[in-house]
Amino acid sequence: MGFYSSHGESYTDNLIGTLLAIFGNFLVSISLSIQKYSHVTLAGRKDQRTFYHAKTWWCGFVFTCIGESANFASYAFAPLAVVAPLNAVSVLTSSILGFLFLREKSKPKEFAKHYGLIILGYFITSGGTYLFVSFGPNSHEKLQAENIVRHIVGWPVLLYLLLEIIMFCLLLYFYKQRRANYLVVILLLVALLGSVTVITVKAVSGMLVLTIEGNMQLDYPIFSVMFVCMVASVVFQARFLSQACKLHDSSLVMSVNYILSTVFAVVAGAVFYLEFNKEEVLNICMYVLGSLLCFLGVFLMTKNRKKPKIFEPYVSMDMSNGVPTIHDKGSAVQPDFNGSFSYGTLVNNDGVAPAPLPANLEQPVVSARTADASDRKKD
């Protein structure tokens, strides 16, 4: 039979798990930024080398492995209700790094307009993180194989899994057969798979930690079942998430996915591992408030993220010099000679024909030399 840790041991385990999750998410966000920098640097070089020849890319890869290992280990020590919302740390760190290295110099008024909500999101997310970590579940269960089996065969878990399967099948039907490529539909599929992922990750991680401590758990069939379910759910979850990023704005995908995945992960922990059974109502209310603040903070951080420009060039003609200039929504791609008017599009992404010229601009321009020549002929 499994057993619950004492109050002091639970507090220590929760602290270890929380710190591991914060460290892991922080390191993963830094590693992704390093790898992105490596790809951008290689793309700007004349000698096109593959990314795995760059030291910076491997540095980011090592950081990713360390960060994900820390995240994996954190599930063995802290409740799902504490670990899952800490993904906001990754969003927060990525946003701060982008703000520090990519922001443009601007006046205070423009700075407040463009970055005010983002900075507000930083403070709201930090405050929400403090609340749900401080008032989250404190009881921690040592996950032996027999205890996990007992959880699975309980009627609340069986009912929960049945409802998840029905909901997943319905969403998958509408997504595949009815072509319902809505963001919420795809991310609900991701969140449902994510709830299975966190359940299995916590089980596998917990049994691995007990095995390392000397209590062998790897020879139980439930370990193999959980491991296979963990790998399968992670693969399909990544596949649906990739499809969502292709069809919708990545910033919106990030915020909505964080909210839905966190909600389903917390519910899974409450049903499967009974994490809120011994918690007081006040603690639960403060935990919910902290989570809602994190949702709001993540939304604000991703709301004003700049979207990539679509190149829609047009041409302007300098009337005195006759020099054509290509523009991209007002910014000159070729050197600008203060062209006096523009005359149609080179490429139109929407497939719309260029607008006709005004009647007074369609007449040929008579230069000064032509006028002088005609005057001489008359003389």
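Is Leu 172 buried, partly exposed or exposed? Leu 172 is partly exposed, at a relative accessible area of 27%. The value lies between the 20% and 50% limits, so neither of the other two classes applies. This is a predicted model. The points below cover single residues, the buried side of H6, the nonpolar cores, one helix pair and two positive phi values.

**Leu 172 in H7**
- Leu 172 belongs to helix H7, which runs over residues 155-176.
- Its contacts beyond four places in sequence are Gln 177, Leu 189 and Phe 240.
- Leu 188 sits 16 residues from Leu 172 along the chain. The C-alpha atoms of Leu 172 and Leu 188 are 9.8 Å apart.

**Thr 18 in H1**
- Thr 18 is part of helix H1, residues 7-43.
- Thr 18 has a relative accessibility of 8% and therefore counts as buried, the limit being under 20%.
- Leaving out residues up to four places away in sequence, Thr 18 touches Ala 78, Val 82, Leu 86 and Val 133.

**The buried side of H6**
- Helix H6 spans residues 145-152, and its buried residues include Ala 145, Asn 147, Ile 148 and His 151.
- These residues lie on the same side of H6, because they cover an arc of only 160° around the axis.
- An α-helix has 3.6 residues a turn, so residues three or four places apart point the same way.
- The cover over the buried residues of H6 includes strand S2 (141-142) and helix H7. Helices H8 (183-212), H9 (221-247) and H10 (250-272) are also part of that cover.

**Nonpolar cores**
- The largest nonpolar core holds 45 residues.
- Ile 148, Met 207, Met 226 and Tyr 273 have the most contacts inside this core.
- H8 is the top contributor to this core, giving six residues.
- Another core, of 18 residues, lies apart from it. Leu 171, Leu 187, Val 190 and Phe 264 are among the residues of that second core.
- Met 226 is in contact with Ile 148, Ile 152, Thr 200, Ala 203, Val 204 and Phe 272, leaving aside neighbours within four places in sequence.
- In soluble globular proteins, nonpolar side chains tend to be buried together.

**H2 against H8**
- Two packed helices are described by the angle between their axes and the distance between the axes.
- Helix H2 (residues 55-77) packs on H8 at an angle of about 80°. The two axes are 7 Å apart.
- The angle falls within 65 to 115 degrees, so H2 is roughly perpendicular to H8.
- From H2, the residues in this contact are Phe 72, Ala 73, Tyr 75, Ala 76 and Phe 77.
- From H8, they are Val 198, Val 201, Lys 202, Val 204, Ser 205, Gly 206, Leu 208 and Val 209.
- By class, the H2 and H8 contact has 10 nonpolar, two polar and one charged residues.

**Positive phi values**
- Most residues other than glycine have a negative phi.
- Arg 179 is not a glycine, yet its phi is positive, near 55°. Arg 179 lies in the loop between H7 and H8.
- Arg 179 has a relative accessible area of 64%, over the 50% limit, so it is exposed.
- Leu 274, also not a glycine, has a positive phi of about 55°. Leu 274 is placed in the loop between H10 and helix H11 (281-303).
- Leu 274 is partly exposed, with a relative accessible area of 31%.

Conventions
Residues are numbered from 1 along each chain as its sequence is written. This is a predicted model: local features need pLDDT of at least 70, side-chain atom pairs count only at pLDDT 80 or more; totals for chains, interfaces and linings use all residues. Side-chain values use heavy atoms; hydrogens and water are left out. Helices (H or I, at least four residues) and strands (E, at least two) are DSSP runs, numbered from the N terminus. Buried means under 20% relative accessible area, exposed over 50%, partly exposed in between (1.4 Å probe, protein chains only). Contact means heavy atoms within 4.5 Å. The arc is that of the directions from the helix axis to the C-beta atoms. A nonpolar core is a set of buried Ala, Val, Leu, Ile, Met, Phe, Trp, Tyr and Cys residues joined through side-chain atoms within 4.5 Å. Axes are lines fitted to C-alpha atoms, for helices over the stretch in contact, and angles run from 0 to 180 degrees between N-to-C directions. Angles under 35 degrees count as roughly parallel, over 145 as roughly antiparallel, 65 to 115 as roughly perpendicular and the rest as oblique. Ala, Val, Leu, Ile, Met, Phe, Trp, Tyr, Cys and Pro count as nonpolar, Asp, Glu, Lys and Arg as charged, and the others, Gly among them, as polar.
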